[in-house]
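Visitor: I am new to this structure. Please pick one part and go through it closely.

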Amino acid sequence: MDAPLIALGRETVALVLLVSAPPLLAALAVGLVTGVLQAATQVQEQALGVVPRLLAVFLTLGLAAPWIGARLVRFGAACLELVPRVSP
């Protein structure tokens, strides 16, 4: 009974990391580029760092939404298939 739940927890953590990776990597890349540009030009405006990162995250989420949705639907189906094996 415990083995399927442990496997489900492990798969949950892996899925969260996998699904959150594209927007986080986009924010990291854009933040690094804007940080270097701000340091090179000595312009320390906060909006110049935040707005491009937000746009990159939204764009990445828009592009990756079908893939993220498919992964979540597959995970949900696997969870529902696991219910009869876990319930007493």
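Guide: Helices here are DSSP runs of H or I with at least four residues, and strands are E runs of at least two, numbered from the N terminus. By that rule, Ala 29 has its place in helix 1. The model is predicted, so local features need pLDDT of at least 70 and side-chain atom pairs count only at pLDDT 80 or more, while totals for chains, interfaces and linings use all residues. Residues are numbered from 1 along each chain as its sequence is written, and side-chain values use heavy atoms, with hydrogens and water left out.

The part to look at is the packing of helix 1 against helix 2. Helix 1 covers residues 2-41, and helix 2 covers residues 47-86. The two pack at an angle of about 175°, with their axes 10 Å apart (axes are lines fitted to C-alpha atoms, for helices over the stretch in contact, and angles run from 0 to 180 degrees between N-to-C directions). Helix 1 and helix 2 are therefore roughly antiparallel (angles over 145 degrees count as such, under 35 as roughly parallel, 65 to 115 as roughly perpendicular, and the rest as oblique). Their contact has 23 nonpolar, six polar and three charged residues (Ala, Val, Leu, Ile, Met, Phe, Trp, Tyr, Cys and Pro are nonpolar; Asp, Glu, Lys and Arg are charged; the others, Gly among them, are polar).

Start at the loop between the helices, where Gln 42 is found. Gln 42 is exposed, with a relative accessible area of 68% (exposed is over 50%, buried under 20%, partly exposed in between, with a 1.4 Å probe and protein chains only). Gln 42 is not a glycine, yet its phi is positive, about 60°. Most residues other than glycine have a negative phi.

Now step back into helix 1, to Thr 34. Thr 34 is buried at 14% relative accessible area. Beyond four places in sequence, Thr 34 touches Leu 48, Gly 49 and Pro 52 (contact means heavy atoms within 4.5 Å). A polar atom of the Thr 34 side chain lies 3.1 Å from the backbone oxygen of Gly 31.

Val 30, also in helix 1, is partly exposed at 22%. Setting aside neighbours within four places in sequence, Val 30 is in contact with Pro 52, Arg 53 and Ala 56. Val 30 and Ala 56 are 26 residues apart in sequence, but 7.1 Å apart from C-alpha to C-alpha. Beside Val 30 in the sequence, Ala 29 is partly exposed, at 43% relative accessibility. The C-alpha atoms of Ala 29 and Arg 53 are separated by 8.6 Å, with the two residues 24 apart along the chain.

Ala 56 comes up again with Thr 60, which is found in helix 2. The backbone oxygen of Ala 56 lies 2.7 Å from a polar atom of the Thr 60 side chain. Thr 60 is buried, with a relative accessible area of 17%. Not counting residues up to four places away, Thr 60 touches Pro 22, Pro 23 and Ala 26.

Last comes the largest nonpolar core, made up of five residues: Leu 15, Val 19, Ala 64, Ile 68 and Phe 75 (a set of buried Ala, Val, Leu, Ile, Met, Phe, Trp, Tyr and Cys residues joined through side-chain atoms within 4.5 Å). Helix 1 and helix 2 each supply at least two residues of this core, and helix 2 gives the largest share, three residues. Val 19 touches Trp 67, Ile 68 and Arg 71, leaving out residues up to four places away in sequence.

Terms used. Polar contact = N/O pair within 3.5 Å; in protein donor to acceptor, adjacent residues only side chain to side chain.
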